[in-house]
Amino acid sequence: MKEAKIIVDNKVGLHARPASLFVQEAAKYQSEISVYCQDPETKEDRTANAKSILGILTLGVFQGTEITITANGDDEEAAVEGLVALVQNNFGEE
Amino acid sequence: MIELTGISASRGMSIGPVFQFVRQKLEIKEKSLVNPSEELVRFNLAAETAKEQIDRIYKKALTESTHADAEIFQAHQMILEDPELITSVKKKIENEKISAEMAMQQTGQSFSDMMAAMNDEYFAARATDIMDVTNRVLRILLDIAETPTANLKEPSVIIADDLTPSDTVMLDKELVVGFCTAQGSATSHTAILARGLGIPAVAGAGMEALKQENGTMVILDGTNGKVVFAPEESLIADYRKRIEATRTIREEALKYAKEPAKTKDGRVVEVVSNIGNVEGAQCALENGAEGVGLLRTEFLYLEQSQLPTEEQQYQAYKGILEVFGKMPVILRTLDVGGDKEIAYMGLEAEANSFLGQRALRLCLVRPDIFKPQLRAALRASVGHNLKIMFPMVATASEIRDARKVLDECAAELTNEGIPFEDDIEIGIMVEIPSAALVADQLAKEVDFFSIGTNDLSQYTMAADRTNPKVAALSDAFFPAVLRLVREVIKAAHKEGKWVGMCGELAGEPLALPLLLGLGLDEFSMGPPMIPLAKQILRNLDAKEMEKIADQALNLESPDQIKNFIKEKIPFIAEISG
């Protein structure tokens, strides 16, 4: 199992185009990948399948939210690296 | 005869039979004996078919709508392939032993509800997407036609509650002469689509519209937001005449695009174009522009990460001037600040940038920006009819200061032995109320004025045109703005100077009679508007418009003024917008 924490810092968070890019990236890997975050208001724990656009959207990740990406499988290392890089580059936004 | 009133969603008029766009109700009955493995197969097949359908719509959308429209269907594809959605449906079938349609319906509804509960416009749109996809799969499972327009055989007026993006893409546009929606607004998807296709549309006509039988004749008046079902013969004849007249004007407009705009009583006005690059120049020429009333130079600065050099600017201006040969081209010096910022210029942020150091105000304190542009413009003038125009002038001294810099540039070029035309006309944009009020003084300093109505309106009305809460106040049809226009033209003519206009108002059909009546000499507008504007001007009598303009400027509001023009000059009412 491989895990990484990162703050989502692009303007719209994990919504719209960034959410779709995130899911497309996740779909490239064989590993099972999940995203965990805490609701900023209720502190409720939330987890979603990184390969599900509906799951990612309903997580409600806005700018400044910390997420934990967890991958489990043969390519878990590459999966976490790939997704972290995408978030770090602010999804190619300005 | 039943007449309904809604909102004008897309202008124009048409007559045709009613086609009710009714989606068959998706009735899902509970099955008593469910074989989960059979239901799983049914679901998998339906999902595959739905994917094929969406793929077909996506490809159709790519060829006929904007790319953004097509992206909606990519999103639909992602929803349909979503692992959580698919797992949820399959689990429901296996664990709860319910039918494929029941499982799909419950899953789609629950995801859609989750999105809708987020109270956010973006998520609300996703909720709609999920239901759109869910209903598509359900229609396949229930063996219901993909779209109700499968039976649309003759050109008809489509009547619907409201239409979804998939509905509108699948429509055979050849068979649609108009749209009428019971609900919806001028910004709904149907309205936007209708305007894009140039098909008349009325929105919000009310539920009564949905009760009209297929095949009933209907007059759809998109210009006035009216629908008349089963109209009397005389009314049909009347509308046919109006539709015919409008068509003739549009056809003639294109046919005579390159002919001058000579009014009925023989006054010839200049119709020129607003452009911002070489592509725009070609397009303007093809549409019959007699020159350029506003060459925006910002493009050179926005495309780069550093100041464009004098040489780069010279080449760019030369390229555009060559397209127009000896026709007049008015180059506006750099207009940045306010809503247009350029990072590498290192401008300080201002609390109120529309009232800040923008355009000429900035250029006068930044010779490093101003002089290369003026030198490039002067050099490019050789062999052409270039005019130079300064934006954002408030006082006479600013014009003298700007002229001084221009004279310096001219002297430098002379010393360096570089040629330029020495009889270049100099003008200013009149877009600040103070400039309009002392136009008699400013007219002595220049060769021409060009009225910028967008800024003139927002400064006169003290209403930011980019703020939706007050944007309606920033309307150039307010008599306060039009009266300033009148005074500017009078003052300039008194000094023997000519006046043009390069704001949006100059190309607006309903404004043309007023501007002609007020004595405007030059009309500058976006290339696509030129043919129609010329044709409208040809059908007006300048002397008569003077009286109409006088009366109009005594009215109180934009609506009153627009209605007055429509009433006095009915043919413009039909084609405006």
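A nonpolar core is a set of buried Ala, Val, Leu, Ile, Met, Phe, Trp, Tyr and Cys residues joined through C-beta atoms within 7 Å. The structure examined here for such cores is a predicted model. In general, nonpolar side chains tend to be buried together in soluble globular proteins.

The largest nonpolar core has 98 residues. Within this core, the residues with the most contacts are Ile428(B), Val430(B), Val488(B) and Leu515(B). Helix α18 of chain B, residues 479-494, provides the largest share of the core, with eight residues. The surroundings of Val430(B) can be listed in full once its neighbours within four places in sequence are left aside. Val430(B) is then in contact with Ala435(B), Ala436(B), Ala439(B), Phe449(B), Ile451(B), Gly452(B), Leu456(B) and Val488(B). A second core, separate from the largest one, consists of 54 residues. Among its members are Phe73(B), Leu80(B), Val133(B) and Leu141(B).

Chain B as a whole contains 23 helices and 17 strands. Of its 577 residues, 43% are buried. Among the contacts in chain B with a separation of 6 or more, 69% join residues that are 24 or more positions apart.

One pair of helices in chain B was examined further. Helix α3(B), residues 83-96, packs with helix α4(B), residues 100-116, at an angle of about 135 degrees, and the two axes are 9 Å apart. Angles over 145 degrees count as roughly antiparallel and those from 65 to 115 as roughly perpendicular, so α3(B) is oblique to α4(B). The crossing of α3(B) past α4(B) is right-handed. On the side of α3(B), the contact is made by Leu85(B), Ser88(B), Val89(B), Lys92(B) and Ile93(B). On the side of α4(B), the contributing residues are Ala100(B), Ala103(B), Met104(B), Gln106(B), Thr107(B) and Phe111(B). By type, the residues of this contact comprise seven nonpolar, three polar and one charged.

The contact between the two chains takes eleven residues from chain A and ten residues from chain B. On the side of chain A that touches chain B, the elements giving two or more residues are α1 (16-26) and α2 (53-59) of chain A. The largest share of that side, five residues, comes from α2(A). The residues on the chain A side are divided into four nonpolar, six polar and one charged.

Individual residues outside these packing regions were also considered. Asn90(A) is found in the segment after α3 (76-88) of chain A. Its phi is near 50 degrees, a positive value in a residue other than glycine. Asn90(A) has 14 other C-beta atoms within 10 Å. A residue with 20 or more would be buried and one with 12 or fewer exposed, so Asn90(A) is partly exposed. Ala230(B), in the loop between β8 (226-229) and α8 (233-255) of chain B, is not a glycine but has a positive phi of about 45 degrees. Ala230(B) is partly exposed, because 13 other C-beta atoms lie within 10 Å.

Asp143(B) is located in the loop between α5 (121-141) and β4 (156-160) of chain B. With 6 C-beta neighbours inside 10 Å, Asp143(B) counts as exposed. The C-alpha atoms of Asp143(B) and Ala46(B) are separated by 9.9 Å, while the two residues are 97 residues apart along the chain.

Conventions. Residues numbered from 1 in each chain as written. Chains lettered and ligands numbered in written order. Predicted model: local features only at pLDDT ≥ 70, side-chain atom pairs only at ≥ 80, totals over all residues. Helix = DSSP H or I, 4+ residues; strand = E, 2+ residues; numbered from the N terminus. Contact = placed C-beta atoms within 7 Å. Nonpolar A, V, L, I, M, F, W, Y, C, P; charged D, E, K, R; others polar. Axes fitted to C-alpha atoms, helices over the stretch in contact; angles between N-to-C directions. Parallel < 35°, antiparallel > 145°, perpendicular 65-115°, else oblique. Left-handed = near helix turned anticlockwise from the far one by under 90°.
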